[in-house]
Protein chains: 2
Amino acid sequence: MGKEEYISELIQKLETTQPLGEEEQRLLRQLPLNIRHYEAGQDIVREGELAKQCCLVIGGLVCRYKIVGEGQRQIISLHLPGDIPDIHSLVLPRMDHNLGTLTSVTVGFIPHEPVRALTRSSFRIAEAFWRETLIEASIYREWMVGIGKRPAASRIAHFLCEFITKMKAIGLSDGITCNLPMTQTEIADSLGLSTVHMNKQLRKIRETGLVRIRASRITVLNWSGLCELAEFDADYLHLREQTPS
Amino acid sequence: MGKEEYISELIQKLETTQPLGEEEQRLLRQLPLNIRHYEAGQDIVREGELAKQCCLVIGGLVCRYKIVGEGQRQIISLHLPGDIPDIHSLVLPRMDHNLGTLTSVTVGFIPHEPVRALTRSSFRIAEAFWRETLIEASIYREWMVGIGKRPAASRIAHFLCEFITKMKAIGLSDGITCNLPMTQTEIADSLGLSTVHMNKQLRKIRETGLVRIRASRITVLNWSGLCELAEFDADYLHLREQTPS
DNA sequence: CGACATTTTGAGTCAGCTCAATCAGTGTGG
DNA sequence: CCACACTGATTGAGCTGACTCAAAATGTCG
C-alpha cells in the first residue's frame, strides 16, 4: 500500500458522513505524509506539547487519554484508520491530553501548514474537518451520558455497539463480528469502571447470549437485544448509512 | 441594549480565545438577530429537530442535556451570554440532544444562511467558530474525566472553578465571587451525582472553608485550596488570559 | 518450558444511591 | 400581617453497585 492508499482511508472516513467532490479529493491526495510506526502502549503526542503537525491513523488503534489523580487513566476516545485525531491542533496547537497507541500502529504525520492552506482555500474541506471534530464532540456527549448515568452492563454494551458500528462504517467489520484489540483494563478505563467490575459485568452480558467474545474477537449474536441493553441509537454518530445488520 | 450590543457579547466571547480583526467584527455585526425570551425550565431546541437557525445566548444560563433511561437527565454543558451553543447545527443540522434554559433567558436566533455565508467568505470567522466548538469539546473531555475518575467532592470543586473562570472571562465575575443560578439538583445532573450526595459533599466543602455559598451567590475564600481539591488547571479552557485572582 | 500479561474469581469495604422526612425561603391571596 | 402552597435545601437511615486487595487460572510467546 502506497501513500496514495493512505489518503484514501482518510477520504473514505470523511465520506462516511458526507461525500466529497472530485476536486476536494484531488487536493487531499496532495498532502505530504511522513510515515511512522509505533508499538502498542506508546505515546504519539503528549499533553502540553505545541503541535506543528497532525497525524493520520493508517493502521491500528489509537486512543486519546488523560491522567488524573494518582495516575488513573481515563480514555476519552478511540481512533480507527482514516481518523486524524489531532486535527484540532491546527486551531488549538497546545495539547490538553495525550494520544497513545493501543496496538502497534502506523501513522502518517502531516505538517500543519499544507493542511491549513487547504482549509483556507477550500471551505468544503474546512467544513469536512470541522464536521469530523463535531461528530467527535457528539461521541463525547454520548460517552459522558454513559459514564454519568448508565449502569456498568449498559455502558459496556453501548461501547460494543459503537465500536462495531464505527468499524463497519470504514469497512473493517460486517456489523456482526469484528476485532476488538483492547484489554479489559483498557475498556474499563474508557468506561470509568474498575477492571474487576468490568470483567464481572462482561461475563453477565456474555451469559445472556447477546455476544460472544473469544480473545480479541467479538461476535454479536443478538444485535437488537444488545442495542436494547445499551440504549444504543446510532444517530449521534451522524453516519450516512445506518446501523449494522 | 440594542442588537448591536448583543453581537458585542458574541465578539467578546470569541475574543476570550483569540482577537478578531476589524473586518471580521464588522461582518459579524451585520448578522440578523431574532430576539426571543424564555422562562426557566423551557426547551429552546429539542433532540431530533432539523435546525435552520442557531441561537446566540444574550442573557441567562442555557444548558445542553440528554435524557437517558427512566427519564434521568445528564446535563452536558452550560452556556453563558455570548455563546452560540448550537453553532454546530450549521454543519450537522440534526440535533442529537436538547438545549434548555436554567434561568429566564434571552436569545437571538440567527438563520443559518447568513452565518454559513460568513464562514465561507471569511476563513478567520470560520476558524473562530471552529475554535469555539473545539474548546467546547475540550471541556467535554474534562467533564468526562471528572465524571469517570474524580470523587464527588473534587468534581464539585472542579465545577465551581470552571464556572467562575468562565464567568470571569466574559466579565461577569471578578474571579472571587459570582452568581451561580442553578439548583443543587441541576448541578448534580451535570456531575452525574444524586442530589442528596451532592448536597452532603457540598456541605463538606463548605465546612473546609474553601467557599461560601449563600442562595445563588458563591464566594471563593481560598482559590488555591479549591483548585487543589479540584485538580483544576484552566489550560483546557484555552483562554488568552489565565485563571482568576 | 518458563516468564509475563491478561482474565477470572472470591471476599470484604465503601462511596454514592434511594427513600422518606423535615426545614427554610419565597410568593400569593385574603 | 398571617396562612397556605410550593420549590429547594438538608438530614437520617438503610442499601447496593462498584471498588480494592489478593490470588488463582489461563493464555501467549520466545
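Modeller: Contact here means heavy atoms within 4.5 Å. Keep in mind that this is a predicted model.

Biologist: With that cut-off, how many residues of chain A are in contact with chain B?

Modeller: 43 residues of chain A are in contact with 43 residues of chain B.

Biologist: And how do I read the size of such an interface?

Modeller: The size of an interface is often given as the accessible area lost when the parts come together. For chain A and chain B, the buried area is about 4,300 Å². Carbon and sulfur atoms give 69% of that area.

Biologist: Which residues of chain A lose the most area to chain B?

Modeller: Trp130(A), Met144(A) and Lys149(A). Together they make up 20% of what the chain A side buries.

Biologist: Now the polar part. How many salt bridges are there between chain A and chain B?

Modeller: The count is 8. Take Asp96(A), which forms a salt bridge with Arg141(B). Their closest N and O atoms are 3.3 Å apart. The interface also has 18 residue pairs in polar contact, with both residues at pLDDT 80 or more.

Biologist: Which elements of chain A supply at least two residues each to the side that touches chain B?

Modeller: β4 (62-68), β5 (72-79) and α4 (123-149) of chain A. α4(A) gives the most, with 19 residues. By class, this side of chain A has 19 nonpolar, 10 polar and 14 charged residues.

Biologist: Let us turn to the DNA. How many residues surround DNA strand D?

Modeller: 14 residues do. The closest are Ser194(A), His197(A), Gln184(B), Asn199(B) and Arg203(B). Now look at the strand's own atoms. Sugar and phosphate account for 71% of the DNA strand D atoms that come within 4 Å of the protein.

Biologist: Which residues place an N or O atom by a phosphate oxygen of DNA strand D?

Modeller: Three examples, two from chain A and one from chain B. Gln184(B) has a side-chain N or O atom 2.6 Å from a phosphate oxygen. A polar side-chain atom of Ser194(A) lies 2.9 Å from a phosphate oxygen. Ala152(A) uses its backbone: an N or O atom there lies 3.4 Å from a phosphate oxygen.

Biologist: Which elements give two or more residues to the surface near DNA strand D?

Modeller: α7 (195-207) of chain A and α7 (195-207) of chain B. α7(B) gives the most, with 5 residues.

Biologist: How do the residues of that surface divide by class?

Modeller: Near DNA strand D there are 5 nonpolar, 6 polar and 3 charged residues.

Technical notes:
Residues are numbered from 1 along each chain as its sequence is written. Chains are lettered from A and ligands numbered from 1 in the order in which they are written. This is a predicted model: local features need pLDDT of at least 70, side-chain atom pairs count only at pLDDT 80 or more; totals for chains, interfaces and linings use all residues. Side-chain values use heavy atoms; hydrogens and water are left out. A residue is near a molecule or strand if one of its heavy atoms lies within 4 Å of it. A polar contact is a pair of N or O atoms within 3.5 Å; within protein, one must be able to donate a hydrogen and the other to accept it, and residues adjacent in sequence count only if both atoms are side-chain atoms. Helices (H or I, at least four residues) and strands (E, at least two) are DSSP runs, numbered from the N terminus. Ala, Val, Leu, Ile, Met, Phe, Trp, Tyr, Cys and Pro count as nonpolar, Asp, Glu, Lys and Arg as charged, and the others, Gly among them, as polar. Buried area is the accessible area (1.4 Å probe) that two parts lose on being put together, summed over both. A salt bridge is a side-chain nitrogen of Lys or Arg within 4 Å of a carboxyl oxygen of Asp or Glu.
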